[in-house]
Amino acid sequence: MTPKSPHGSSHNQELTPKFHPELTPSLEELEKEERRLVFPQFTHDDAWALGSLLVELARERQAPVAIDIHRAGQQLFHAALPGSTPDNDAWIARKRRVVERYGSASYLVGARFRAKGTTFEESSRLDRDTYAAHGGSFPITVEGAGVIGAVTVSGLPQLQDHRLVVEALERFLDR
């Protein structure tokens, strides 16, 4: 069960069980994650295994998320867990487009704009209904090929969406 905030929303500012507040990561930390989380290859079976791992982690935390994995313009995995809504799918598409355009995690792209004293929405000149530089979409980078897709989560506050994806990538790549 997801805790309710004073405003009645189940996942605006409140933490989902088993998630803990963390300090906002620096640009350096976020860039280091991207350099470290690189695949030797990424197959349909890898998408299924990574997506299944994300579902398992989200269920352990009772996280009301939707999960999506795209490669080369094709959706290879999608799951909507209890508590997620169609809005999460719209957020997934917007965050994924940021990864596809910038080749970096959606959270990192937003953090780069904030580090310049502005916001993505104010300064990117991109349509907010099409792009969202909010945490939760991470590039699928393959050695020798670069960014070939994205793994995206939506339903938690943006840093928690980002952290959930990073945790799953770390576990998957450590196998």
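Good morning. I shall begin with a single residue: Arg125 is exposed, because its relative accessibility is 81%, over the 50% cut-off. Arg125 sits in the loop that joins H5 to S4. Its backbone also deserves a remark, since Arg125 is not a glycine and yet has a positive phi of about 65°. Please bear in mind throughout that what we are viewing is a predicted model.

A second residue in that loop is Asp127, placed between helix H5 (120-123) and strand S4 (137-142). Asp127 is partly exposed, with a relative accessibility of 43%. Its C-alpha atom is 9.7 Å from that of Arg94, and the two residues are 33 positions apart along the chain.

Another non-glycine residue with a positive phi is Ala72, at about 50°. Ala72 belongs to the loop between strand S2 (66-71) and strand S3 (74-80). Ala72 has a relative accessibility of 69% and therefore counts as exposed.

Let me now turn to the chain as a whole. The chain contains six helices and five strands. Their order along the sequence is α-β-α-β-β-α-α-α-β-β-α. Of the 175 residues, 50% are buried. Among contacts with a separation of 6 or more, 67% are between residues 24 or more positions apart.

As to confidence, the average pLDDT of the chain is 90, and 87% of the residues reach at least 70. Residues 1-20 have a pLDDT below 50; in the model this stretch makes 41 contacts beyond near neighbours in sequence.

I come next to helix H4. How many of the 10 residues of H4 are buried? Seven are, so the helix is largely enclosed by the rest of the structure. These buried residues are Ser106, Tyr107, Leu108, Val109, Gly110, Ala111 and Phe113. Their packing partners are H1, H3, H5, S4 and H6. Just after H4 comes Gly117, which has a positive phi of about 80°.

One of those partners, H3, merits a closer look. Two packed helices are described by the angle between their axes and the distance between the axes. For helix H3 (residues 86-102) and helix H4 (residues 106-115), the axes come within 8 Å and cross at roughly 75°. H3 and H4 are therefore roughly perpendicular to each other. By class, five nonpolar residues, one polar residue and one charged residue make up the contact of H3 with H4. On the H3 side they are Lys95, Val98, Val99 and Tyr102, and on the H4 side Ser106, Val109 and Phe113.

My last topic is charge pairing. Side chains of opposite charge can pair when their charged atoms come close. The structure has nine salt bridges, and I shall describe three.

To begin with, Arg112 pairs with Glu31, with 3.1 Å between the closest N and O atoms. This salt bridge links distant parts of the chain: Arg112 is in helix H4 and Glu31 in helix H1 (residues 27-36), 81 residues apart. Are these partners buried or exposed? Arg112 is partly exposed, with 31% relative accessibility. Glu31 is likewise partly exposed, with 28%.

Next, Arg61 and Glu60 form a salt bridge with an N to O distance of 4.0 Å. Here Arg61 counts as buried, because its relative accessible area of 10% is under the 20% cut-off. Glu60, by contrast, is partly exposed, with a relative accessible area of 38%.

The remaining pair is Arg171 with Glu167, whose closest N and O atoms are 2.9 Å apart. Both residues lie in helix H6 (residues 158-174), and they are four residues apart, about one turn of the helix. An α-helix has 3.6 residues a turn, so residues three or four places apart point the same way. Arg171 is partly exposed, its relative accessible area being 40%. Which residues are joined into one network by salt bridges that share partners? They are Glu60, Arg61, Glu167 and Arg171.

To close, I would point again to two features of this predicted model. H4 is largely enclosed by the rest of the structure, and Arg112 of that helix forms a salt bridge with Glu31 in helix H1. Thank you for your attention.

Terms used. Residues numbered from 1 in each chain as written. Heavy atoms only, no water. Axes fitted to C-alpha atoms, helices over the stretch in contact; angles between N-to-C directions. Helix = DSSP H or I, 4+ residues; strand = E, 2+ residues; numbered from the N terminus. Parallel < 35°, antiparallel > 145°, perpendicular 65-115°, else oblique. Contact = heavy atoms within 4.5 Å. Nonpolar A, V, L, I, M, F, W, Y, C, P; charged D, E, K, R; others polar. Salt bridge = Lys/Arg side-chain N within 4 Å of Asp/Glu carboxyl O. Buried < 20%, exposed > 50% of the residue type's maximum accessible area, 1.4 Å probe, protein only. pLDDT = per-residue confidence, 0-100.
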